[in-house]
Amino acid sequence: MLVYGESFDDLLKKTKDIMKKIILSALFSLFFCQTAQAFTVNHDFTVILGVFNASDTKFSYSLTPKDYAVNSTVKTAGFFDSLYPFEAVYSTTGKIKKNEMETASYKYQSKSRFSKRSKELVYDKNGNPLYRISSRNDKSKKVKIEENPNNADTTDLQTVLAKLAKQYNDLRFCDSRMEVFDGKRRFDVIFKDEGIEELPANEYSDISGKAAKCSMYIDKLGSKEDDLLWELTSDRPIYFWLMEDKDKKMPFIARISINETPLGKLDAYAKKITIKDN
């Protein structure tokens, strides 16, 4: 993946795109446990990128019988933070209707050394996207999303992952293909079962035991975009290891991994899982 002529800063910027998007993958655990009770799941992850302890990532998930909310943050850490400071916040809310999930709102904000960005998708009452509002360094743009049959039954990436998690809870397999529309482009997310593995504890996480392994990659449907995540996941899947909390009996993500990035292998380790009834 290293391209001749690229500066180290260019590689860091590309890797930042992986880091800010890889956290969306961890939302896989949100709807694993179907229950009439409301609950919140908190994850704390450490992200190791090559030789760097690169990022601290936090997730908060809330679920009731009628709606759901997801809030997540990522922030660079240590020496990596001094090279390329970056932080981002993602927020999704949605409704649960007849056992189906509909996105109600999606917001994203990020800040690096030289740039501030944000994006918001505005939906109608049926979960269809109406507008995309984006800004860069305080310059805002609102774009109406035209009706397109190809965008029917698509949703945001976080809600798609929640739907998959619900499928896994019901049927105990990952295999699936789901459609996503991010307000600008459409793509498919493909999940596959990869068997059962024994996860050992290590210096980053004391969580260990048998875990179900799944993979995810993105089919960009012929789109040509300067997006390293899409390039990586076309033939290098993101891997997940899923385990179950012994007390609450709720599955969670124990580890996430990408075998190759411009700066080396990426591993995200769950160092703390907190599950609370609301």
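This is a short talk about one predicted protein model, going from the whole chain to a few local spots.

Hi everyone, thanks for having me. Please keep in mind throughout that we are looking at a predicted model.

Let me begin with the chain as a whole. The protein chain has 278 residues, and 50% of them are buried. Its secondary structure comes to four helices and 14 strands. If you take the contacts between residues at least 6 apart in sequence, 53% of them join residues at least 24 apart. As for the surface, the accessible area is about 13,800 Å², and carbon and sulfur atoms account for 48% of that.

Now to the charged pairs. How many salt bridges does the count come to? The answer is eight, and I'd like to walk you through three of them.

Let's take Lys97 and Glu102 to start. Their side chains meet in a salt bridge, with 3.4 Å from N to O. Lys97 is partly exposed, because its relative accessibility is 37%, between the 20% and 50% cut-offs. Glu102 is partly exposed as well, with a relative accessible area of 24%.

Next come Asp138 and Lys116, whose side chains form a salt bridge at 3.6 Å, N to O. This pair links distant parts of the chain, 22 residues apart: Asp138 sits in the loop between β7 (129–136) and β8 (139–144), while Lys116 belongs to strand β6, residues 116–123. Is Asp138 buried or exposed? Asp138 counts as exposed, because its relative accessibility of 64% is over 50%. Lys116, at 40%, counts as partly exposed.

My third pair is Asp267 and Lys265, and here the N to O distance in the salt bridge is 3.9 Å. Asp267 has a relative accessible area of 10%, so with a cut-off of under 20% Asp267 is buried. Its partner Lys265 is partly exposed, at 41%.

Let me stay with the loop between β7 and β8 for a moment, since the backbone there deserves a look. Most residues other than glycine have a negative phi. In this loop, Asn137 has a positive phi, near 50°. Asp138, in the loop between β7 and β8 too, also has a positive phi, near 70°. Asn137 is partly exposed, with 39% relative accessibility. So if you are checking the backbone angles on your own screen, Asn137 and Asp138 are two residues to click on.

What does Asn137 have to do with Ser115? The two are in contact. Ser115 lies in the loop between β5 (100–112) and β6. Leaving aside neighbours within four places in sequence, Ser115 is in contact with Ser110, Arg136 and Asn137. Ser115 is buried, because its relative accessible area of 14% falls under 20%.

Let's move on to strand β14, residues 266–277, which holds Ala268. Ala268 is buried, with a relative accessible area of 5%. Which residues does Ala268 touch, if we skip those up to four places away in sequence? They are Phe45, Thr46, Val47, Ala254, Arg255 and Ile256. For those of you who like C-alpha distances, Ala268 and Phe240 are separated by 9.6 Å, and they are 28 residues apart along the chain.

Two names from that contact list, Ala254 and Arg255, come back in my last topic, the internal space. Rolling a probe the size of a water molecule over the atoms shows where empty space is left. In this model the count comes to two cavities of 30 Å³ or more. I'll describe the second largest cavity, which holds about 30 Å³ of space. What lines the second largest cavity? The lining is made of Leu199, Ser205, Ile207, Ala254, Arg255 and Tyr269. By class, these residues divide into four nonpolar, one polar and one charged.

So, to recap the spots worth finding in your viewer: the salt bridge of Asp138 and Lys116, the positive phi of Asn137, the buried Ala268 in its strand, and the second largest cavity with Ala254 and Arg255 in its lining.

That's my tour, and I'm happy to take questions.

How values were computed
Residues numbered from 1 in each chain as written. Predicted model: local features only at pLDDT ≥ 70, side-chain atom pairs only at ≥ 80, totals over all residues. Heavy atoms only, no water. Salt bridge = Lys/Arg side-chain N within 4 Å of Asp/Glu carboxyl O. Buried < 20%, exposed > 50% of the residue type's maximum accessible area, 1.4 Å probe, protein only. Helix = DSSP H or I, 4+ residues; strand = E, 2+ residues; numbered from the N terminus. 1 Å grid on protein atoms, 1.4 Å probe; cavity = no way out; pocket = protein on both sides within 12 Å on 5 of 7 lines; lining within 4 Å. Points joined across faces, edges and corners; volume = space filled by probe spheres on them. Nonpolar A, V, L, I, M, F, W, Y, C, P; charged D, E, K, R; others polar. Contact = heavy atoms within 4.5 Å. Areas by Shrake-Rupley, 256 points an atom, 1.4 Å probe, with all protein chains shown as cover.
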